[in-house]
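Colleague: Hi! I'm new to reading protein structures. Could you walk me through this one?

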Amino acid sequence: MSILLSFLQDTGPEPHHIPAYRFWQHYIKNGIEEAGMQWLEVPDADWAAGLTHPVGSAELKDWSSKIWESTLAFIKNNLAKIDIFLCYLYPQQVDTTAIAQIQQWGIPCVNFYCDNVREFSKVPAAFKVFDRMWVPEYEALAMYKEAKVNYIHLPMPMWVDKKYRNTLPNENPQQISFIGSKDNLRQNLLGEAIAKGLNITVRGSGWQPESSVQTVPHPASVLKKIGNQAGFIKQHGLKGYAIKHLQQLSQSAVFEVGEAYIAAKPGHEEYITITQSSAITLGINRVPSHKRLHTNPLTYSRLRDIEAPMLGACYLTEYCEGLNSLYEAEKEILTYKTADELVQQANRLLKDEQMRKALRASGQQRALNEHSIPVSLQKIKAAIFK
């Protein structure tokens with residue numbers, strides 16, 4: 001199968017000032033190649049740039065017009081080389097007319113999106129044009145069923161280099177590690193667990209103080225503020241607007257993670273070594289959201305739930321419904337729901353080396369054998385070309 005790929009590729013030497021995204025094309029391209037398939041991409045197409053412009057802005061419209069014009073021209077000139085168009089497009093990046101034209105040329109279009117639960121209360125209209133939506137979150141399936149949108153439920157697209165598979169470094173028998181950026185939900189959970197006896201090392205963006213250049217902000221105009229608020233209400237509703245302001249009134253975390261528990265953000269190789277060698281690698285699946293107050297956080301399975309087991313970690317992660325379809329608890333991973341359960345499960349693992357070894361081996365084989373990109377691509381191919 002030959003795949004035309006739009007997965008947040010960019011064209012500059014430096015990434016755009018948006019949340020990290022370059023890893024996606026690295027994973028999907030390597031996964032496609034491992035599946036024995038081929039990928040193509042539109043030359044000089046900066047798909048990630050579509051996320052740098054405000055929704056509805058003239059800049060976004062200009063970006064959309066240019067990139068879809070060049071995409072259609074490329075496809076028209078390479079019809080015989082393309083079996084499927086696989087995308088990672090946000091709603092504002094989708095040109096439904098262009099997608100319909102691609103489909104008229106006989107090329108099915110599949111779009112991946114992984115923040116359905118956090119961002120949407122209903123499926124965006126722009127997503128309804130695709131032949132299939134690749135939906136990784138179990139919790140989002142009901143929303144897609146209700147909207148009668150064709151979807152395929154597959155894991156997050158994760159790929160790890162073969163040199164990191166089944167080649168585990170020596171275990172640090174007492175090390176518990178969490179690697180991830182800081183937010184209040186994570187700080188509260190980890191801080192409470194530390195207060196109850198968890199000895200963990202926390203790494204990632206935002207945990208250590210970072211120097212910054214202070215600038216004098218320009219006050220936004222009243223009209224712009226009103227426009228931003230109206231846009232927020234349109235997307236998240238009045239309930240989301242109320243939750244946002246309630247959470248702004250209590251920005252400080254209830255618990256703190258002390259400096260003694262924080263280490264420097266790791267580079268890529270160190271990240272892999274820590275994930276593999278820690279006695280316990282921790283996952284946290286709660287996310288800040290305008291749908292829920294912090295006292296009742298939204299949870300869903302994240303990319304780490306695929307990555308850590310693939311790397312052979314002894315993985316302890318926060319429970320959510322979607323995990324039941326990915327792993328067998330107690331055999332392939334361990335889960336927790338509260339800070340008390342986190343401490344209890346961690347202490348249990350630290351005392352049981354055989355259980356840690358069994359979780360590593362079983363979890364890794366399940367992830368590599370059933371949740372890999374090659375497996376997902378074969379399922380997409382079977383669904384589209386049945």
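Modeller: Happy to; we'll go through the sheet, some helices and a few single residues. Keep in mind that this is a predicted model.

Colleague: Great. Which strands form the open sheet, and in what order?

Modeller: Five strands build that open sheet, in the order E8-E7-E9-E12-E13, and their pairing is parallel. Strand E8 (201-203) and strand E13 (334-336) sit at the edges. Each of these two has a single partner strand, so one side of each is left without a neighbour in the sheet.

Colleague: How much are neighbouring strands turned against each other?

Modeller: On average by 25°, with direction ignored.

Colleague: Can we zoom in on the pairs? How many bridges do E7 and E9 have?

Modeller: Strand E7 (residues 172-179) and strand E9 (residues 278-283) pair over three bridges, in the parallel sense. If you want a spot to look at, find Ser177, which stands opposite Thr281 in E9. Going on through the sheet, E9 is joined to E12 by three bridges, and these strands run parallel. There, Gly283 faces you as the residue opposite Thr317 in E12.

Colleague: And what about E12 and E13, how many bridges there?

Modeller: Three bridges, again in the parallel sense. In that pair, Leu316 stands opposite Leu334 in E13.

Colleague: Are the faces of E12 covered or open?

Modeller: Both faces of strand E12 (residues 315-318) are covered. Tyr315 and Thr317 are buried on one side, while Leu316 and Glu318 are buried on the other.

Colleague: OK, helices now. Which strands does H11 lie across?

Modeller: Helix H11 (residues 353-370) lies across E7, E9 and E13, and it runs at about 55° to E9. Its end C-alpha atoms are 26 Å apart, which agrees with the 26 Å that its 18 residues should span at 1.5 Å a residue.

Colleague: Which residues of H11 are buried?

Modeller: They are Met355, Arg356, Leu359, Arg360, Gly363, Gln364, Arg366, Ala367 and Leu368. These buried residues pack against E7, E9 and E13, and also against helix H8 (268-277), helix H9 (304-310) and helix H10 (339-350).

Colleague: You mentioned H8. Is Glu269 buried or partly exposed?

Modeller: Glu269, which is found in helix H8, is partly exposed, with a relative accessible area of 44%. Leaving aside neighbours within four places in sequence, Glu269 is in contact with Lys163 and Tyr164.

Colleague: Let's try another helix. How many residues does H12 have?

Modeller: Helix H12 (residues 373-384) has twelve. From first C-alpha to last it reaches 16 Å, close to the 16 Å expected at 1.5 Å a residue. Its buried residues are Ile373, Pro374, Ser376, Leu377, Ile380, Ala383 and Ile384.

Colleague: What covers the buried residues of H12?

Modeller: The cover includes helix H1 (22-34) along with several strands: E1 (2-6), E3, E4 (109-112), E5 (132-135) and E6 (151-153).

Colleague: How do those last three strands pair up?

Modeller: E4 and E5 pair in the parallel sense over three bridges, with Val110 opposite Arg132 in E5. E5 and E6 also pair in the parallel sense over three bridges, and there Val135 stands opposite His153 in E6. Both faces of E5 are covered: Arg132 and Trp134 are buried on one side, Met133 and Val135 on the other.

Colleague: Switching topic: how many disulfides are there?

Modeller: A search of the whole structure finds zero. Take Cys87, which is in no disulfide: the nearest cysteine sulfur, that of Cys109, is 6.1 Å away. A disulfide would need the two sulfur atoms within 2.5 Å.

Colleague: Is Cys87 buried or exposed?

Modeller: Cys87 counts as buried, because its relative accessibility is 0% and the cut-off for buried is under 20%. Cys320 also counts as buried, at 2% relative accessibility.

Colleague: Last one: where is Gln93?

Modeller: Gln93 is in the loop between strand E3 (84-87) and helix H3 (96-104). Gln93 is buried, with a relative accessible area of 0%. A polar atom of its side chain lies 2.8 Å from the backbone nitrogen of Tyr90.

Colleague: Which residues is Gln93 in contact with, further along the sequence than four places?

Modeller: Those are Leu8, Trp47, Gly50, Leu51, Trp63, Trp68 and Tyr88.

Definitions and conventions. Residues are numbered from 1 along each chain as its sequence is written. This is a predicted model: local features need pLDDT of at least 70, side-chain atom pairs count only at pLDDT 80 or more; totals for chains, interfaces and linings use all residues. Side-chain values use heavy atoms; hydrogens and water are left out. Helices (H or I, at least four residues) and strands (E, at least two) are DSSP runs, numbered from the N terminus. Buried means under 20% relative accessible area, exposed over 50%, partly exposed in between (1.4 Å probe, protein chains only). A polar contact is a pair of N or O atoms within 3.5 Å; within protein, one must be able to donate a hydrogen and the other to accept it, and residues adjacent in sequence count only if both atoms are side-chain atoms. Contact means heavy atoms within 4.5 Å. The expected span of a helix is 1.5 Å times one less than its number of residues. Two strands pair if DSSP finds at least two bridges between them. Axes are lines fitted to C-alpha atoms, for helices over the stretch in contact, and angles run from 0 to 180 degrees between N-to-C directions.
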